[in-house]
Amino acid sequence: MPELRQPHGTAFAVRDPLPWNDVEDIVKAAENVGYAAVFLPEIAGRDALATAGMLAGATRELLLGSGVVPMRSRSLPLTAMSAATVQERSGGRLVLGIGTGGAGRGALAELRATVGGLRALLDGEEVRSDGRRSRLSLVPERRVPIWISALGPRAMRLAGEVADGVILNWCPPERVTFARERIGEGAEVAGRDPESVSVAVYVRAWVGADEPAGLRALNAAAAEYASFPAYARQFEQSGLAEEAAAAASAHRSGRPEDVPERLVRSMAAVGETARETIEAVRAAGAQVPVVYPAAVGDPAPTLEATRTALAPA
């Protein structure tokens, strides 16, 4: 079976529910200017794997990542079938990103089992799931890379043990280095080469004429994430506890202007220094910085302006 096809270079994210023609135009343009991959967060908009399958027909070389599919949103066989379909349609360009979603206690053990089950199904093996035995009749010719999302050190070690890649979110460069070290620990336990595990980082970004408007959008996003306990812990572990607490308070009061500037600028790529931030993330150990544009006003032009400005040199 051919080797895994992993992204290497700068990628970008598409989350906003733009009209489909706009999505397709943005993705085509991004491929033409050298982006390595598109990652598709699955939150409350489009189905990430269905979208990847549709974009497969509109692109040639761009890798197509789900970033990420919650593990409980579909049955194990259905996730594997969807992945196999995208892998076939794209000629082997899928990166299958899986996350725990809102799961609680025992989530990482379940994520480990999910990765193992998906790998087995996509390799043509029989798997027992929900009391039934399943085997795919469509087995991809090229192996599908399976990535997981990770916030804490245990999830990072799990990536080193079982995954082909990891997706980080809202991380200053120092946190990326920390994640690389934890991935190495997990890889050592499993007898794997830590360099075989790719690291992607979502980097919220804004480049445009109205930087204050861009910062307001980034502030609002940072405040929302700071209100989630898991992200509050990550910010605390990154030395940003005070800033995160203030941001969470700003979210509760509906005052994004009260978010400390240090919180956003320590993680986001903004204005004239945006490329420096992207390169700092890369230097910290991320093979795949993922430009994640903030939308302001009419979203399509502002998203495209940031993607164009941060296109690979």
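1. Which elements are included in what covers the buried residues of α12? They include β1 (11-13), α1 (20-32), β10 (198-206) and β12 (288-293). In helix α12 (residues 299-309) itself, the buried residues are Ala-300, Thr-302, Leu-303, Thr-306 and Arg-307. Here buried means under 20% relative accessible area, exposed means over 50%, and partly exposed lies in between, for a 1.4 Å probe and with protein chains only. An α-helix has 3.6 residues a turn, so residues three or four places apart point the same way.

2. On the basis of this note: the model is predicted, and local features need pLDDT of at least 70, side-chain atom pairs count only at pLDDT 80 or more, and totals for chains, interfaces and linings use all residues. Residues are numbered from 1 along each chain as its sequence is written, and side-chain values use heavy atoms, with hydrogens and water left out.

3. On the overall fold: the chain holds twelve helices and twelve strands. These are DSSP runs numbered from the N terminus, helices being H or I of at least four residues and strands being E of at least two. The radius of gyration is 19 Å, close to the 20 Å that the globule rule gives for 313 residues, so the chain is as compact as a globular protein of that length. That radius is taken over C-alpha atoms, and the globule rule is 2.2 Å times the number of residues to the power 0.38. Along the principal axes, the C-alpha atoms fill a box of roughly 55 × 40 × 35 Å.

4. On burial and surface: buried residues make up 52% of the 313 residues. The chain exposes about 13600 Å², of which carbon and sulfur atoms supply 50%; accessible areas come from the Shrake-Rupley method with a 1.4 Å probe, and for residues only the protein chains shown count as cover. Among contacts between residues at least 6 apart in sequence, 74% join residues at least 24 apart. Contact means heavy atoms within 4.5 Å.

5. On the interior: the largest nonpolar core has 70 residues, of which Phe-12, Leu-96, Leu-122, Leu-168, Val-176 and Val-201 touch the most other members. Helix α4 (residues 107-122) gives the most to this core, with eight residues. Apart from it lies another core, of 24 residues, including Ala-222, Ala-250, Val-259 and Ala-294. A nonpolar core is a set of buried Ala, Val, Leu, Ile, Met, Phe, Trp, Tyr and Cys residues joined through side-chain atoms within 4.5 Å.

6. On Phe-12 and Thr-10: leaving aside neighbours within four places in sequence, the contacts of Phe-12 include Ile-26, Tyr-35, Leu-62, Val-291 and Arg-307. Thr-10 is found in the segment before β1 and counts as buried at 7% relative accessibility. With neighbours within four places again left aside, Thr-10 is in contact with residues including Tyr-35, Arg-282, Val-291 and Leu-310.

7. On Ala-107 and Thr-277: Ala-107 lies in helix α4 and is buried, with a relative accessible area of 9%. Not counting residues up to four places away in sequence, Ala-107 touches Met-71 and Thr-100. The C-alpha atoms of Ala-107 and Ala-155, 48 residues apart along the chain, are separated by 9.8 Å. Thr-277 has its place in helix α11 (residues 274-283) and counts as buried at 15% relative accessibility. On the same sequence exclusion, Thr-277 touches Val-203, Met-267, Ala-268 and Ala-269.

8. On two loop residues: is Ile-43 buried or exposed? Ile-43 is exposed, with a relative accessible area of 51%, and is found in the loop between β2 (37-40) and α2 (48-56). Arg-74, in the loop between β4 (69-70) and α3 (76-90), counts as buried at 13% relative accessibility. Leaving aside neighbours within four places in sequence, Arg-74 is in contact with Glu-42, Asp-47, Ala-48, Leu-49, Val-69 and Thr-79.

9. On backbone geometry: a cis peptide bond joins Gly-67 and Val-68, with omega about 10°. Val-68 is found in the loop between β3 (63-66) and β4. Trp-170 has a positive phi of about 55° although it is not a glycine. Trp-170 is found in the loop between β9 (165-169) and α6 (173-190) and is buried, with a relative accessible area of 2%.
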